[in-house]
Amino acid sequence: MSNHIPFVDLKAQYQGIREEIDAAVSAVISETAFIGGKYVKQFEEGFAAAYGVSHVVSCANGTDSLYIIMKALGIGPGDEVITVANSWISSSETISQTGARPAFVDIDPVYWSMDENLLEAAINPATKAVIAVHLQGQMVHIERIAEICAAKGIHLIEDCAQSHFSTFKGKKAGLFGVAGSFSFYPGKNLGAYGDAGALITNDGALAERCRMFANHGALVKHQHKIEGINSRLDGIQAAVLSVKLKYIANWTAQRQAAAAWYNEALAGIDGIVLPVVRPETEHTFHLYMIRAQRREALMEHLRNEGIDTAIHYPTPLPLMEAYQYLGKTAADFPVSAGMMNEILSLPMYPELSREAIARVAAAIRSFYAN
Ligand SMILES: *Cc1c(COP(=O)(O)O)cnc(C)c1O
C-alpha cells in the first residue's frame, strides 16, 4: 500500500546511509573480523567517547547486558531486585536468571515510568539492587531513585534499552547508577542489523568482571577464573553501529521534531492524553506513546487507514502468567493496570515526515469526532 505508514521504517534509514553501511560490512567480511577484534574495539571506544564514560563492554544483546551486570555484582539466590511493572520482560527475567527474586513497583500516572515515591517502601533487607527503566526514551526521576539507593546501600542499574542519550539535568541515562545497560536491537534508537548490546560503567573493576563473565569467565584465552557465558558482539554488528553512531544525534533531533509535530497536530482531541516530558530532562522518543479511550477500535480505524501502531506493553509484567507465583493482582499496580488498555504507541522514526504525522493526527481526530 503506497500510503502505508509503518510503525518503524528501517529501510528509509538504510537508504540514507547505504554506501557507508555496505562498505563497513564488506570490510569486516574481507578481513574476516567476525568475532571480537578491531571493529568491536572501535565501536566500544566510539560509544565510550560519545557517552563520556570510561568503560563500554559489548555483548550479544540488551538482555544479556542486564544479566551480566547483576552477575558481576554478585546478585543471586536469596536476593531481591526491584524493577518496574511496565517494561519489557528482559528487565525482570534477567533477575530470575541470576537466582534472585524480582519485585515490581508501579508506574506514575504523569510520566508513565517507575514511580519513585513507591520505591522506598518496596525495599527490604533482601533487596540488593534496583533496575530503573527509562522507557520510551523518557527519563525516570533518576536523581531521586539514585538518592534512595545510596541511602539504602543498594545498587542502581539503569535499563537504557529505549533511552540512548536521554538526559536528566544534562547527565546521560546510564551514568547515574553503578552501570547502564543498552540494547542495539534493530528497532532501538541506535540499532544494529541483528542482535547487539552493551553495558557502560565508570567502575573499572566492575567492567573487568563483566567482560570476564561475558567471555566464558576468561580475560586471557584458556584462563577461566570463573564459569561465565558466551555473549559477544559480532564484528559486522559493531561496524554497522560505528557507522550509525555518527548519525544518532541527528536522528534523535528528528525524533524530537516528530514528537513536537505530533503534540501540535494532536492538541485538543477529547479522548486522548499526550505524553508529558519530565522537567529538566531530554526525552529521546524511542516511542511516542499516548493514552487513548476505546483503544482497540482506534487501532482498527488506524489500520484501515494504513497506519500501524503498537502497544508497550499490553500486560504489566507482574500480571503475566510467568509471575503468577508472586500472587500479585491488578490492585497491587493500579496505575499500570489502569493504563494497560489505553496506552498506544504511534509511528515513530527519524524519517517520519510532517505530512505522515498530519495524516495520523487527522485519522485520530476523525475517529473521536464520531
Ligand atoms: C529491548 C529492550 C531490552 C532487551 O534488549 P534485547 O537487545 O532485545 O535483548 C531490555 N529492556 C528494555 C526496556 C527493552 O526495550
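Are Phe104 and Tyr323 buried or exposed? Phe104 is buried, and Tyr323 is buried too. This report starts from that pair and moves outward. The model is a predicted one.

## Aromatic pairs

A search of the whole structure turns up 18 aromatic pairs. One of them joins Phe104 and Tyr323. Their ring centres are 5.3 Å apart, and the planes meet at 70 degrees. That makes the pair edge-to-face. Where do the two residues sit? Phe104 belongs to strand β3 (residues 101-105). Tyr323 belongs to the loop between α10 (295-304) and α11 (334-339). The two are 219 residues apart in sequence, so the pair ties together distant stretches of the chain.

A further pair is formed by Phe168 and Phe176. Here the centres are 6.1 Å apart and the planes stand at 85 degrees, so this pair is edge-to-face. Phe168 has 3% relative accessibility, and it counts as buried. Phe176 has 17% relative accessibility. Why does Phe176 still count as buried? The cut-off is under 20% relative accessible area, so a value of 17% for Phe176 falls on the buried side.

Some rings join up in a group. Ring pairs link Phe43, Phe47, Tyr51, Phe165, Phe182 and Phe184 into a cluster.

Charged side chains also meet rings. Lys171 lies over the face of Phe176, 4.6 Å from the ring centre. Lys172 lies over the face of Tyr51, at 5.6 Å from the ring centre. Tyr51 is also a member of the ring cluster, and Phe176 is the partner of Phe168 in the edge-to-face pair.

## Strands around these rings

Phe104 leads to strand β3. This strand is mostly covered, with four of its five residues buried. Which strand pairs with β3 in the parallel sense? Strand β2 (residues 80-84) does, over five bridges. Within this pairing, Ile82 stands opposite Ala103 in β3. Helix α4 (residues 90-97) completes the picture: β2, α4 and β3 make a right-handed β-α-β unit. As a general point, side chains in a regular strand alternate between the two faces of the sheet.

Phe168 leads to another sheet. Strand β6 covers residues 167-168, and Phe168 stands opposite Thr281 in β13. Strands β6 and β13 pair in the antiparallel sense over two bridges. What is the order of the strands in this open sheet? The three strands run β7-β6-β13, with antiparallel pairing. The edge strands are β7 (171-172) and β13 (281-282), and each pairs on one side only.

## Salt bridges

The whole structure holds 11 salt bridges. Three of them are set out here.

| Salt bridge | Closest N to O |
|---|---|
| Lys246 and Glu20 | 2.4 Å |
| Glu44 and Arg211 | 3.1 Å |
| Glu120 and Arg144 | 3.7 Å |

Take the bridge between Lys246 and Glu20, with its closest N and O atoms 2.4 Å apart. Lys246 lies in the loop between α8 (235-245) and α9 (248-265), and Glu20 lies in helix α1 (residues 10-30). They are 226 residues apart in sequence, so this bridge ties together remote parts of the chain. Lys246 counts as exposed, at 55% relative accessibility. Glu20 is partly exposed, at 28% relative accessible area.

Next come the side chains of Glu44 and Arg211, which meet in a salt bridge. Glu44 is in helix α2 (residues 37-51) and Arg211 is in helix α7 (residues 204-214). This pair links distant parts of the chain, 167 residues apart. How does burial look at each end? Glu44 counts as buried, at 11% relative accessibility. Arg211 is partly exposed, with a relative accessible area of 34%.

The bridge of Glu120 with Arg144 is listed at 3.7 Å. Glu120 is in helix α5 (residues 119-122), and Arg144 is in helix α6 (residues 142-152), 24 residues apart. Glu120 counts as partly exposed, at 41% relative accessibility. Arg144 is partly exposed as well, with a relative accessible area of 30%. Which residues make up the network here? Salt bridges that share partners join Glu120, Arg144 and Glu147.

Technical notes:
Residues numbered from 1 in each chain as written. Predicted model: local features only at pLDDT ≥ 70, side-chain atom pairs only at ≥ 80, totals over all residues. Heavy atoms only, no water. Phe/Tyr/Trp six-rings, centres within 6.5 Å; stacked < 30°, edge-to-face > 60°. Buried < 20%, exposed > 50% of the residue type's maximum accessible area, 1.4 Å probe, protein only. Lys NZ or Arg CZ within 6 Å of the ring centre and 35° of its normal. Pairing = 2+ DSSP bridges. Salt bridge = Lys/Arg side-chain N within 4 Å of Asp/Glu carboxyl O. Right-handed = clockwise from strand over helix to strand, strands pointing away.
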